[in-house]
Amino acid sequence: TDTITHSPKTALLRSLAMPGLGQMYNKKYWKMPIIYAALGTSVYFIIDNNNQYNEYKQAYIDRQNGIEDDYPQYTDDNLITLIDFYRRNRDFSVILTAGIYMINVLDAMVDAHLYEFDVSDELSIKVSPQVQFTPQSGYNPAVGFTLKF
């Protein structure tokens, strides 16, 4: 029986537990900084957009309650537009972060599946012309190509 020496399930579970651990298991260390840069950037945008959203929302609430706010240059409609803009961007950043996380997991699993795939120089492809006589062509020569691995 064949024993699996490199398990895609292990890579998947490690990447689910902590981003980058599956890539480390697959010995693809160069992918870890990319994963953390992508996740860090998207988390930064979640935090920044959330802060902006809360700031403009609080300014709008203060204005409705008769309290002076820090944004006299904006009308009520401008504040509502800014609130919607930063809420939408925050929500999109959350979705993007989840997508990056899932790509990290998927990459680790696929990489583990291909871990023992032969990519040596011994592999070759050969394309050659071929002539066939088929009933569809009335037994006239049909020219094509043959692809051999």
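A salt bridge is a side-chain nitrogen of Lys or Arg within 4 Å of a carboxyl oxygen of Asp or Glu. Keep that in mind as you work through this predicted model.

**Exercise 1.** Work out why Asp91 and Arg90 count as a salt bridge, then sort each residue into buried, partly exposed or exposed.

*Solution.*
- Step 1: Look up the gap. The closest N and O atoms of Asp91 and Arg90 are 3.1 Å apart.
- Step 2: Check the cut-off. The limit is 4 Å, so the pair, at 3.1 Å, counts as a salt bridge.
- Step 3: Sort Arg90. Its relative accessibility is 18%, and buried means under 20%, so Arg90 is buried.
- Step 4: Sort Asp91. Exposed means over 50%, and partly exposed lies in between. Asp91 has 35%, so it goes down as partly exposed.

**Exercise 2.** Find where Arg63 and Asp76 sit in the chain, and say how their side chains meet.

*Solution.*
- Step 1: Start with the contact. The two side chains form a salt bridge, at 3.2 Å from N to O.
- Step 2: Place the partners. Arg63 belongs to helix α3 and Asp76 to helix α4, 13 residues apart, so this pair links distant parts of the chain.
- Step 3: Add the exposure. Arg63 is partly exposed, at 22% relative accessible area, and Asp76 is partly exposed too, at 31%.

**Exercise 3.** Describe the salt bridge between Asp111 and Lys28, then name the network that these residues belong to.

*Solution.*
- Step 1: Get the distance. Asp111 and Lys28 meet through their side chains at 3.5 Å, N to O.
- Step 2: Trace the chain. Asp111 is in helix α4 (residues 76–113), while Lys28 is in the loop between α2 (21–25) and α3 (31–64). With their positions 83 residues apart, the pair links distant parts of the chain.
- Step 3: Compare with the cut-offs. Asp111 is buried, at 11% relative accessibility, whereas Lys28 is partly exposed, at 28%.
- Step 4: Widen the view. Salt bridges link Lys28, Lys31, Asp107 and Asp111 in a network. The whole structure holds seven salt bridges.

**Exercise 4.** Which residues form a nonpolar patch on the surface, and where is Val110?

*Solution.*
- Step 1: List the members. The patch is made of Leu106, Val110, Leu114 and Phe117.
- Step 2: Note the area. Together they have about 400 Å² of accessible area.
- Step 3: Zoom in on one of them. Val110 is in helix α4, and its relative accessible area of 40% makes it partly exposed.

Conventions. Residues numbered from 1 in each chain as written. Predicted model: local features only at pLDDT ≥ 70, side-chain atom pairs only at ≥ 80, totals over all residues. Heavy atoms only, no water. Helix = DSSP H or I, 4+ residues; strand = E, 2+ residues; numbered from the N terminus. Buried < 20%, exposed > 50% of the residue type's maximum accessible area, 1.4 Å probe, protein only. Patch = residues over 30% accessible without salt bridge, like charges linked within 9 Å, V, L, I, M, F, W, Y side chains within 5 Å. Areas by Shrake-Rupley, 256 points an atom, 1.4 Å probe, with all protein chains shown as cover.
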